[in-house]
Every structure is written in C-alpha cells, then in structure tokens.
Amino acid sequence: MTEYHADDYGLFPEQSRHIIDCYHRGALNGISIMPNSPYLSACMDEIKDIKEKLFITAHLNFVEGKPLTGSNASRLTNSAGNFDIGFLKLLIISYIPVIRLFYRKQLATEIKAQLKACEPYMNNGEFRIDGHVHFHMIPVVFDALMDVLGAEDYKVSYIRFPKEELGVYTKAFGKVKDIKPINVVKSLILNVLSARNKRKYGEDLRHMGVKSKFFMGVMLSGHMFYENVMACLPYAGDLLTKSGKKEMELLFHPGDVTLPEDVERLTSKDDYEFLTSGNRKKEADALKKLGSNIAR
C-alpha cells in the first residue's frame, strides 16, 4: 500500500485548502497536522467528513510559530517567543553532556503538549508521529519523544523514520532532475540519525508495535514533481519488495502559502523560502496526476 502524504496541514486555512484539494482531485491519502497552529481546530473541522479516510499524523514542530508551553520552552525560542533553534544547533547539543539534559526536559514538556493538541484528531485512538523539517530525528529530540511515550499511555502505530534508499536514485540516475546537493547531505544525515534512533530504541519500538515503512521524499524535497516520482517509483517498488516491507510513504509538500497576510505571519526564514515556493504547486500537480485513476 502506498501512502501519498502531505506535511504541514493546519498551518493556515488557505494553505490547508491547497493540501486537501489534492485529496479531492488526486492521490493524497495522508496528512501531518501542525500541533501549535492557532488554525488547527478550524482546519480539522473542514475535513471532518473525510478525516477517517486519511492517515492523520502529529507533525511535531520546533521551527514555525510559538511553542504551546510558552516560557517553559525558553531554550527553544527567541525574544519574541517564536521557535528559533536550528537543526544543527540541536544536533550539536545532543552530544554535549549536562546541557543536553536541560534541552531534553523542555523538549519533552513541549512534545507532551503538542501530542495532547493532536490527540482529538488521531484516528482509531492511535498516534502517528513525524516532525517538521524532520527535527524529531535529532537525538535529543527523539530521546525526549521516547521519554514522553514511555511515561504516557499512548498507542503509537507509526513514527516516520525518513531513511532514503539511495539505490532508488542511483538506478534512476539520468531520469531524475533537480536533486540538489543540500538534499543529498540531508538524506545522508537523516539516514544516520534514523539508524541511531532505531538502534537505541528498537526494543521499545517493537514493544509499542510501531510500523516501519519504506520512505521516499527527502532527496527530492521541494522537487517531488510528477516526472521525478514516476522515474523513481519502479525502483522504489523493487526495493520495497526486497526489503520485506508492505507499505511505502511518499512525502509531498503541496501546501503553498500565498495570501500576503499569511506570508507575514511566518516566523522562520527557512520556512518562508520553502512554504512560499512555486514548487509546492508543482508537487500538488504531481499528486493530482498520480491520482488520476483513483476513484473517490
């Protein structure tokens, strides 16, 4: 089974409509929801009639907007109270004794609040979890997440491990365009972090019954265009079969931010560039083409 997934649902109403249009007119069957967005409740009301048909995932966010725990997340924010801690900084902190413990505690408190905000929207009472810009794979963040899951009586069916099978892209070499060097670096880092987290918490994850899926979407992040996806899918399918896994998650970002008032509300420079990119519309078009034979 293939999950055609979109991140960032609920960030803004109009941007979320762009995402859900890919369900009505395309292949989309999974969304990740922004826990700390003031628009989340209203956006979820918009899809209450189709929610059970979608894979709903809590999109842990330490990048955009304000934390749900306010000043209790002071190490993660700037003077305006907005998240302002980079991936690299948190990665480095993960390996600094003592200091990492202070961050781990604040992260755990915020993660608990974000999961609580998403709880009413999880299907079948089971959590699916991933992270905005994949921050959840950073060791100190993942450790904090496992602290919360160990302390709370949550049912968790899925945690995204964004591990790319590089063989897909070597086999599709020459057919795929737009692979950026930065995405190669991101994929390599996330592959290492995914392996670390699975190695450290493998027994806990098995005990919780967390599923593992074949994943694709970081290497072509921002360029999951129809032609690129179609070039990779045959090789991804072959590797899926060889891996023994039965499910595959394809990650798209079709929710572009277009309204001037929403653009002004963005708090992260990196998010600004990514969320306002015209490539998001191209990824939405890919989902619509991929879903041309899917009956609703």
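Begin by selecting strand β4, residues 126-131, together with β5, residues 155-159, in this predicted model: the two strands pair in the parallel sense, and four bridges join them. To see individual positions along this pairing, pick out Phe127, which stands opposite Val156 in β5, and then Ile129, which has Ile159 of β5 opposite it. If you now follow the chain from β4 onwards, it passes through α5 before it reaches β5, and this β-α-β crossover is right-handed.

Stay with these strands and colour them by accessibility. How many of the five residues of β5 are buried? Four of them are, and β5 is accordingly described as mostly covered. For β4, five of the six residues are buried, so this strand is largely enclosed by the rest of the structure.

Next, add strand β3, residues 55-60, to the selection, and you will find that β3 and β4 also pair in the parallel sense, here over three bridges. Within this pairing, select His59 and look across to β4, where its bridge partner is Asp130. When you inspect side chains along any of these strands, it may help to remember that in a regular strand the side chains alternate between the two faces of the sheet.

From His59 it is a simple step to Ile33, since His59 is one of the residues that Ile33 touches. Leaving aside residues up to four places away in sequence, the contacts of Ile33 also include Tyr9, Leu40, Met44, Ile56, Thr57, Ala58, Cys118, Tyr121 and Met122. The largest nonpolar core has 86 residues, and among these Ile33 and Leu115 touch the most other members. A second core, separate from this one, consists of seven residues, including Leu11, Phe12, Val263 and Leu275. As background, nonpolar side chains in soluble globular proteins tend to be buried together.

Now select helix α7, residues 181-208, and look along its length for a change of direction: the helix bends by about 75° at Tyr201. Tyr201 is also one of the buried residues of this helix, a group that includes Asn183, Ser187, Leu190, Leu193, Arg196 and Leu205 as well. Which elements do the buried residues of α7 pack against? They pack against α3 (87-93), α4 (99-118), α5 (139-151), α6 (166-171) and the strand β5, which you met at the start of the tour. Just after the end of α7, select Gly209, a residue whose phi is positive, near 80°.

The charged side chains make a good next stop, for the structure holds 23 salt bridges. While α7 is still displayed, pick Glu203 and Arg206, which form a salt bridge with their closest N and O atoms 3.1 Å apart. Because these two residues are three places apart in α7, about one helical turn separates Glu203 from Arg206, and both of them are exposed.

A comparable pair can be found in helix α1, residues 13-24, where Glu14 forms a salt bridge with Arg17, again with 3.1 Å between the closest N and O atoms. Here too the residues are three apart in the helix, and so they are separated by about one helical turn. Glu14 counts as partly exposed at 26% relative accessibility, and Arg17 also counts as partly exposed, at 42%.

Move then to Arg104 and Asp147, whose salt bridge brings the closest N and O atoms to 2.7 Å. Arg104 lies in helix α4 and Asp147 in helix α5, so this pair ties together parts that are 43 residues apart in sequence. Is Arg104 buried or exposed? Its relative accessible area is 19%, and Arg104 is therefore buried, whereas Asp147 counts as partly exposed at 34% relative accessibility. Widen the selection to Arg100, Asp143, Arg196 and Lys200, and you will see a network of salt bridges that links these residues with Arg104 and Asp147.

For the last stop, select Lys269, which lies in helix α10, residues 269-275. With 65% relative accessibility, Lys269 counts as exposed. You can finish by displaying Lys269 together with Met44, one of the residues touched by Ile33: the two are 225 residues apart in sequence, and 26 Å separates them in space, C-alpha to C-alpha.

Key. Residues numbered from 1 in each chain as written. Predicted model: local features only at pLDDT ≥ 70, side-chain atom pairs only at ≥ 80, totals over all residues. Heavy atoms only, no water. Bend = angle between axes of the 7 residues up to and from the residue. Buried < 20%, exposed > 50% of the residue type's maximum accessible area, 1.4 Å probe, protein only. Contact = heavy atoms within 4.5 Å. Pairing = 2+ DSSP bridges. Right-handed = clockwise from strand over helix to strand, strands pointing away. Salt bridge = Lys/Arg side-chain N within 4 Å of Asp/Glu carboxyl O. Core = buried A, V, L, I, M, F, W, Y, C linked by side-chain atoms within 4.5 Å.
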